[in-house]
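The following exercises concern strands, their pairing and their burial. Work through each task with the sequence and the structure in view before reading the solution.

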Amino acid sequence: MRLVRYTYPSQRTFAPASAFSRTPWLGLENEIARLFDSAVADTAPARFSGSFPVDVYQDKENAYVRAELPGVNRDAINLEVSDGVLTLEASRKQGEGESPETVTFKRTLNLSDEVQGDQIRATYENGVLTVTLPRKEAAKPKKINIQVG
Amino acid sequence: MTVRLPGVAKDGLDISAENGELTITGKRTWSAPDAWTPVYRESNDVSYQLTLRHESVINIDQAKADLRDGILTLTLPKNETVKPRKIAIA
């Protein structure tokens with residue numbers, strides 16, 4: 001079998017697949033992308049070497065961390081909060097038969113003081129881990145009614 | 001064959017075979033609710049796409065697919081005609 005096209009959207013994919021496919025420059029673009037990747041490999045989080053993409057969102061009530069961790073067993077996910085640092089750790093068994101290896105992924109995120117460390121919840125669905133970090137009551141935006149007399 | 005497709009649910013996945021090419025397209029099923037403000041992004045909302053040319057060495061009719069926890073496992077049996085065969089010498 002031969003690979004014709006592969007789009008794995010990570011932070012490195014800046015344009016939608018349709019923009020680049022079927023152009024005569026595809027080979028050149030791939031080459032340039034490869035050169036860029038090797039040049040920035042030290043600064044950008046590597047895709048498959050112990051790291052994984054993380055998104056952070058927030059709304060009025062909570063902050064949310066979404067991590068792409070495909071094929072990880074729920075038991076193999078560890079969340080830890082200490083001193084305002086959230087540690088996401090997961091491991092996946094790779095390879096079958098004689099030499100299965102366990103790959104461990106780890107990322108740490110600094111939390112703001114607003115987060116209630118003891119109220120953190122997490123769900124895992126379709127290979128994506130979602131961590132809900134509730135904000136402290138005092139940190140939530142409040143509406144104050146002012147009587148104008 | 002295994003393909004990593006985090007964030008793709010069964011209904012966002014499309015596997016098609018045409019003209020000797022096998023195409024796997026995975027749309028992300030999840031999108032942030034309106035109230036959520038992105039603070040920091042590393043992932044992308046663009047669909048996954050993988051196209052492989054198989055030159056009829058595999059039997060597409062017998063292919064099996066299984067999507068679990070963001071990993072797609074495709075079982076593509078080889079065509080009978082291309083399997084290595086031992087020929088006994090009479």
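**Exercise 1.** Which residue of E8(A) is the bridge partner of Ala122(A)?

*Solution.* In this predicted model, Ala122(A) has Val131(A) as its bridge partner in E8(A). The next step is to place this pair in its strands: E7(A), residues 121-125, is joined to E8(A) by five bridges, and the two run antiparallel. Finally, consider the connection. Two residues lie between E7(A) and E8(A), which form a hairpin. Within the turn, Asn126(A) has a positive phi of about 50°.

**Exercise 2.** Determine in which sense E3(A) and E8(A) pair, and over how many bridges.

*Solution.* E3(A) covers residues 62-68, and its pairing with E8(A) is antiparallel, with seven bridges. One of the partnerships is that of Glu68(A) with Val128(A) in E8(A).

**Exercise 3.** Are the residues on the two faces of E8(A) buried or exposed?

*Solution.* Begin with the cut-off: a residue is buried if its relative accessible area is under 20%. By this criterion, seven of the seven residues of E8(A), 128-134, are buried. Next, separate the faces. One side carries Val128(A), Thr130(A), Thr132(A) and Pro134(A), and the other carries Leu129(A), Val131(A) and Leu133(A); both faces are covered.

**Exercise 4.** Describe the make-up and the surface of chain B.

*Solution.* First, count the elements: chain B has seven strands and zero helices. Second, consider burial: 36% of its 90 residues count as buried. Third, turn to the surface: chain B has an accessible surface of about 5,800 Å², and carbon and sulfur atoms account for 49% of that area.

How values were computed
Residues numbered from 1 in each chain as written. Chains lettered and ligands numbered in written order. Predicted model: local features only at pLDDT ≥ 70, side-chain atom pairs only at ≥ 80, totals over all residues. Heavy atoms only, no water. Helix = DSSP H or I, 4+ residues; strand = E, 2+ residues; numbered from the N terminus. Buried < 20%, exposed > 50% of the residue type's maximum accessible area, 1.4 Å probe, protein only. Areas by Shrake-Rupley, 256 points an atom, 1.4 Å probe, with all protein chains shown as cover. Pairing = 2+ DSSP bridges.
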